[in-house]
Amino acid sequence: MVVFRSNKLRNIFYAVTALIVVCTIYLNWTPTPASVVPVTVFEVPLNERQAAFWKAFKPILESHAPGTSEPTLREPAAAQYFNASTTEPRPDLVTLSDDDLHAMEEAHAKYLREVSASSRLRPVHSAGTRGLVTTAGQTYLPVFMAALRMLRRTGSTLPVEVYMRDGGEYEKHICEHILPTMGARCLILSDVMSKAAIEYYQLKVFAVLFSSFEEVIWMDADCFALDKPEILFKNEPFKSKGLVTWPDFWASSVSPLYYKISGQPVPPMTERQSTETGVFLVSKKTHWDTLLLAAYYNFYGPSHYFQLLSQGGPSNGDKETLLHAASAVGKPFYAVSERVQAIGHEKEGEILGSAMAQSDPLADHALTSEGKWRVQDPAVASPPRVFFIHANYPKFNPGEDVFGTSFETTPTIKPDGSEGRAWTAPADVLTRFGSDAERSYWEEIKWVSCNKEVDFKAWKGKGDVCSNVEHYWQKVFAEPHDDDPKFVAD
Ligand SMILES: *[C@@H]1O[C@H](CO)[C@@H](O)[C@H](O)[C@H]1NC(C)=O
């Protein structure tokens, strides 16, 4: 018990108590976290952030040119299916002098040092955001709109940014009145980077860097999901890896010289398949340096890196840039191992493919983390469900060559000449859809084609696209048919 002998002592006690109270409050008080403040309130507009980023980034890219002479190819790598037990050596078809090799090695290392040291390279995105990024323009815009309808059909609420090459691809009514009602907005790349700087097939990684999202799912305009992509962000393998890619049909054709230049051991040919870039997931939080290096590979793609990363093999281009950039900077990634499947018509035991089916990475990862590699032995487990369909050959654009016999795979024509479905084989792959995705897709294509509000530049002079789609729909999807495929396993 405290007994006060004098007023003076009492006053000292009060003063000390008050001081303790003030200190306690001060030490325990923390300001409101910045994330509680709505990010948009003080945010610099996206186009200004993009411009600032490109202004800082472009000179760095330009000052680390890989060298003077370009790698040359003795012959293009053969289109070889991936074989998980092959003993074949890696193709080695690029010619590059020792001096040029060293110059490329040095430029690669210096570039990486500069981007990691640069404080001016501020990311464009807002922290904590997720969204879908794609490019579409001209004949791709109707195809993209059907894919966007498919995305919303899954219940996905992911915001979408669709990048267009330049003002010529921008369609005012669609961009300002139709797409916003579907959670998508158009952005023009030439507003940020000059039109001549970059070719269409190099745009992906730049569009991802310029997007406002921190975690990105990329989908080509002709690619759609059968379930909400939100699931993929929230689970393994994306959660811990921050980069997920899907395979192509082919064996890797990356040159051994590439590994030398980027300071990596040469992996065996059995390690993984080549990559397909119709869809991928990437986090700019964990893979910022990966994306900057991938941008370098794309910037110097046509002159140097595409040759080194595919040696003229099938679908030469940007496809290996992301995964290899991640591995060069020592970042984790998950390359889905379940094989991509061609779907289409069967002809003499072969599949005339008009689309590719890519698998659920959650299920694939669950298998491979138990050491079950179906790519080596399909008998170890049943396959994952199909998650994405990449309807690329031809594009399912009713204003172009999806109908009739003008395209070699004639997807809408049955062998007897009547109209039918595009995806009738292989039966076991179709059962992994879980639902009649082709019918759903055509329902959305019909909406896109027959909505009076929607009027694409690419369909000017293409006749009555809506009635062509209606006709096909009536013949093929309006009623069930005896030969309809099954979409669930028995
Ligand atoms: C895969 O490679 C192994 C080993 O070289 C070979 O025995 C097998 O026939 C190959 N499989 C295919 C489908 O080419």
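A residue counts as buried here when its relative accessible area is under 20%, and that cut-off is what the description of strand β4 in this predicted model rests on. All of the five residues of β4, which spans residues 160–164, are buried, so the strand is largely enclosed by the rest of the structure. The side chains alternate in direction, with V160, V162 and M164 pointing one way and E161 and Y163 pointing the other way, and every one of them is buried.

The neighbours of β4 help to place it. Strand β3, residues 130–135, pairs with β4 in the parallel sense over four bridges, and within this pairing L132 has V160 as its bridge partner. Strand β5, residues 184–188, also pairs with β4 in the parallel sense, here over five bridges, and V160 stands opposite A184 of β5. The chain passes from β4 to β5 through helix α6, residues 172–178, in a β-α-β crossover that is right-handed. A right-handed β-α-β unit is likewise made by β3, helix α5 (residues 140–153) and β4.

These strands belong to an open sheet of seven strands with mixed pairing, whose order is β5-β4-β3-β6-β9-β8-β10. The edges of the sheet are β5 and β10, the latter comprising residues 334–335, and each of these two strands pairs on one side only. At the β10 edge, strand β8, residues 243–251, runs parallel to β10 and is joined to it by two bridges, with T245 of β8 having A335 of β10 as its bridge partner. Helix α5 packs on the sheet, where it touches β3, β4, β5 and β6, and its direction makes an angle of about 170° with that of β4.

Further along the sheet order comes β6, and here the question is which of its residues lie on each side and whether they are buried or exposed. E215, I217 and M219 lie on one side and V216 and W218 on the other, and all of them are buried, so that both faces of the strand are covered. Strand β6 pairs with β3 in the parallel sense over four bridges, and L132 has I217 as its bridge partner in β6. Taken with the pairing already described, L132 thus has bridge partners in β4, namely V160, and in β6, namely I217. Towards β9, residues 273–283, the sense of pairing is antiparallel, with five bridges joining that strand to β6, and E215 stands opposite S283.

The helices can be followed in a similar way. Two packed helices are described by the angle between their axes and by the distance between those axes. Helix α4, residues 98–117, packs with helix α11, residues 288–299, at an angle of about 140° and with the axes 10 Å apart. Because angles over 145 degrees would count as roughly antiparallel, the arrangement of α4 relative to α11 is classed as oblique. The crossing of α4 past α11 is right-handed. The contact is made by A107, H108, Y111, L112 and V115 on the α4 side and by L292, L293, Y296 and Y297 on the α11 side.

Helix α4 also packs with helix α3, residues 46–62, at an angle of about 160° with the axes 10 Å apart, and this angle makes α3 roughly antiparallel to α4. The crossing of α3 past α4 is again right-handed. F57, I60 and L61 of α3 make the contact with Y111, E114 and V115 of α4; Y111 and V115 also belong to the contact of α4 with α11.

Some details of the backbone remain. Most residues other than glycine have a negative phi, and most peptide bonds are trans. The peptide bond from E236 to P237 is cis, with omega near 10°, and P237 is placed in the loop between α8 and α9. A cis peptide bond is also found from A425 to P426, where omega is near -5°, and P426 lies in the loop between β13 and α15.

Q138, which is not a glycine, has a positive phi of about 50° and lies in the loop between β3 and α5. With a relative accessibility of 46%, Q138 counts as partly exposed. E348 likewise has a positive phi of about 50° without being a glycine, and it is found in the loop between β11 and β12, where E348 is exposed at a relative accessible area of 76%.

Notes
Residues numbered from 1 in each chain as written. Predicted model: local features only at pLDDT ≥ 70, side-chain atom pairs only at ≥ 80, totals over all residues. Heavy atoms only, no water. Buried < 20%, exposed > 50% of the residue type's maximum accessible area, 1.4 Å probe, protein only. Pairing = 2+ DSSP bridges. Right-handed = clockwise from strand over helix to strand, strands pointing away. Contact = heavy atoms within 4.5 Å. Axes fitted to C-alpha atoms, helices over the stretch in contact; angles between N-to-C directions. Parallel < 35°, antiparallel > 145°, perpendicular 65-115°, else oblique. Left-handed = near helix turned anticlockwise from the far one by under 90°.
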